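Hi,

Here is the structure we talked about, handed over for your own look. My notes follow below it.

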Amino acid sequence: VIKCKAAVAWEAGKPLSIEEVEVAPPKAHEVRIKIIATAVCHTDAYTLSGADPEGCFPVILGHEGAGIVESVGEGVTKVKKGDTVIPLYIPQCGECKFCKNPKTNLCQKIRITQGKGVMPDGTSRFTCKGKQIYHFMGTSTFSEYTVVADISVAKIDAAAPLDKVCLLGCGISTGYGAAVNTAKVEPGSTCAVFGLGGVGLAVIMGCKTAGASRIIGIDINKDKYAKAKEFGATECISPQDSKKPIQEVLVEMTDGGVDYSFECIGNVGVMRAALEACHKGWGVSVIVGVAAAGQEISTRPFQLVTGRTWKGTAFGGWKSVDNVPKLVTEYMSKKIKVDEFVTHTLPFDKINEAFELMHSGK
């Protein structure tokens, strides 16, 4: 058993608490990882807020991390002690019907236990003050050591800077893949990206890589425009600058609508606007943001009858074990940006400040 520091969420709506936790050794087909760096994501904040129907407390959150394998359980063959790895919130077992189908990346092998905050055998590897602490998204990267299933880990280039590539565990991969895998953006196309946070910037990067000629960034926070243009946005607009609904503004700006739109916020009203901003006959809108529990999307069926397509994406459609190492290699060869997504680097015990910076749009 390893004793180390972790940021524990004791209950919904309260700040994280830095505690000493005990991390049990890995059982069969499990891997214990020393986490070197972790990022914060809106999904962590969503669960912490209490709005997540799958949220269970007390829990160690975090799902964008990178580290070194400390030990492996019985039967683990893909990684060994000392390997550099990224934990994966969407695993890839290679055996389930989802993994065998090239149309999806949604491996279901450990989905049920992962959603309940436990390891595949139904138990936790974390304890604190004599209490069992739940796992989160199968990763729990807000701990100096964590235990994950062996199908939830990608071995990456040992030379990669872990304080950067940890972002490939969720946000950057998700946005970039939404453009290149889910939408399959084509050269010369016009795109609209709603929400210019980390995921939105990654979508812009994907659209640019795919050869889009016009990329419109949409956000009410104008402080984000400069960064969006650095990533490839050709122009940025705010919905608050017009009395008309944003979809009407976009349809007028683009002679009938955009070829591809992306919702990177998790707001069902914006999801509708993103679809309705698409061009009749061929427009495709991709939902990337996660809406709160129980919310529903709506539009007039005529929008779809007249040739628009509504799609969703999880982790950018990447089959995780196969593709995360390739994304790291693309970053190392300067094909995709990662460093530019990092705005602040804080010591672990200032993790609550990191959430405040995220909520303030900084």
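Which strands does helix α6 lie across? Helix α6 (residues 198–209) lies across β11, β12 and β14, and it runs at about 170° to β11. Contact here means heavy atoms within 4.5 Å. Axes are lines fitted to C-alpha atoms, for helices over the stretch in contact, with angles from 0 to 180 degrees between N-to-C directions. The element names come from DSSP runs numbered from the N terminus: helices are H or I of at least four residues, strands are E of at least two.

Before the rest, the ground rules. This is a predicted model, so to speak with caveats: local features need pLDDT of at least 70, side-chain atom pairs count only at pLDDT 80 or more, and totals for chains, interfaces and linings use all residues. Residues are numbered from 1 along each chain as its sequence is written, and side-chain values use heavy atoms, with hydrogens and water left out.

**The parallel sheet**

The strands under α6 belong to an open sheet of six, in the order β13-β12-β11-β14-β15-β16, with parallel pairing. (Two strands pair if DSSP finds at least two bridges between them.) At the edges are β13 (235–237) and β16 (309–312), each of which pairs on one side only. From one strand to the next the twist averages 20°. Inside the sheet, β11 (residues 190–194) and β12 (residues 214–218) run parallel and are joined by five bridges; V193 has G217 as its bridge partner in β12.

A second helix lies on this sheet too: α5 (residues 171–183) lies across β14 (260–263), β15 (284–287) and β16, at about 135° to β14.

In the loop between α9 (268–276) and β15 you'll find H279. Its relative accessible area is 17%, so H279 is buried (under 20% is buried, over 50% exposed, partly exposed in between, using a 1.4 Å probe and protein chains only). Leaving out residues up to four places away in sequence, H279 touches D255, G256, G257, V258 and R308.

**The antiparallel sheet**

The other sheet to look at is open as well, with five strands in the order β9-β3-β5-β6-β10 and antiparallel pairing. Its edges are β9 (145–149) and β10 (153–155); each has a single partner strand, so one side of each is left without a neighbour in the sheet. Neighbouring strands of this sheet are turned by 45° against each other on average, direction ignored.

What about β3 (residues 30–39)? Seven of its ten residues are buried, so β3 is largely enclosed by the rest of the structure. With β9, strand β3 pairs in the antiparallel sense over five bridges, and I33 stands opposite T146 there. With β5, strand β3 pairs over eight bridges, again antiparallel; in that pairing K34 stands opposite I68. Then β5 (residues 64–72) is joined to β6 (residues 84–87) by two bridges, running antiparallel, and G67 has V85 as its bridge partner.

**Cysteines**

How many disulfides does the structure hold? Zero, with a disulfide taken as a pair of cysteine sulfur atoms within 2.5 Å. For C4, the nearest cysteine sulfur is that of C128, 10 Å away. C4 counts as buried, at 6% relative accessibility. For C264, the nearest is the sulfur of C207, 8.8 Å away, and C264 is buried too, with a relative accessible area of 15%.

**Empty space**

Both kinds of space were found on a 1 Å grid over the protein atoms alone: a cavity is a set of points where a 1.4 Å probe fits but cannot get out, a pocket is an open set with protein on both sides within 12 Å along at least five of seven lines, and lining residues have an atom within 4 Å of a point. Grid points are joined across faces, edges and corners, and a volume is the space filled by probe spheres set on the points.

By that rule there is one cavity of 30 Å³ or more. The largest cavity has about 70 Å³ of space, and its lining includes I110, T113, H135 and A149.

The second largest pocket has a volume of about 380 Å³. It is lined by 25 residues, and the closest to its centre are H29, K78, A149, D150 and I151. β10 and α11 (320–332) each supply at least two residues of that lining, and β10 gives the most, with three.

Cheers
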